[in-house]
Amino acid sequence: MRWLWRIAVLLLLLTLIRGIVVPKPQAFIAWPEQNAWVQKLKWDVRRWQEGLQDLPASIEVEIRRLWQDYQLRGDGREV
């Protein structure tokens with residue numbers, strides 16, 4: 001039974017010495033999404049520009065549709 005305790009103590013000491021002597025690995029944080037973020041932003045801006053370019057025509061279509069929906073019929077029922 002003594003040899004089991006000696007092996008356990010030896011493994012514990014080796015683990016402690018290894019933790020002290022061997023430097024810990026450093027974590028490098030990389031942000032590969034930065035380029036993807038810039039591309040997404042450019043794509044969103046391009047989409048907004050394309051959507052806003054046709055905005056006056058869209059507004060005109062909506063106004064005509066509203067005008068046709070709410071145009072008075074002249075039968076005296078609408079006040």
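This briefing covers the fold, the exposure and the one salt bridge of a predicted model. The protein chain is made up of three helices and zero strands, which follow one another along the sequence in the pattern α-α-α. Of its 79 residues, 0% count as buried.

**Fold and helix α1**

- Helix α1 covers residues 2-21, which makes 20 residues, and from its first C-alpha to its last it reaches 28 Å, close to the 28 Å expected at 1.5 Å a residue.
- The number of buried residues among the 20 of α1 is zero, so this helix lies largely in the open.

**Surface of the chain**

- The protein chain exposes about 8,900 Å², and carbon and sulfur atoms supply 64% of that area.
- With 0% of the 79 residues counted as buried, the finding for α1, where the number buried is zero, can be read alongside that for the protein chain.

**The salt bridge in helix α2**

- The structure holds one salt bridge, and its partners are K40 and D44, whose closest N and O atoms are 3.1 Å apart.
- Both K40 and D44 belong to helix α2, which runs over residues 33-53, and the two are four residues apart, about one turn of the helix.
- D44 counts as partly exposed because its relative accessibility is 21%, whereas a residue must fall under 20% to count as buried.

How values were computed: Residues numbered from 1 in each chain as written. Predicted model: local features only at pLDDT ≥ 70, side-chain atom pairs only at ≥ 80, totals over all residues. Heavy atoms only, no water. Salt bridge = Lys/Arg side-chain N within 4 Å of Asp/Glu carboxyl O. Buried < 20%, exposed > 50% of the residue type's maximum accessible area, 1.4 Å probe, protein only. Expected span 1.5 Å × (residues − 1). Areas by Shrake-Rupley, 256 points an atom, 1.4 Å probe, with all protein chains shown as cover.
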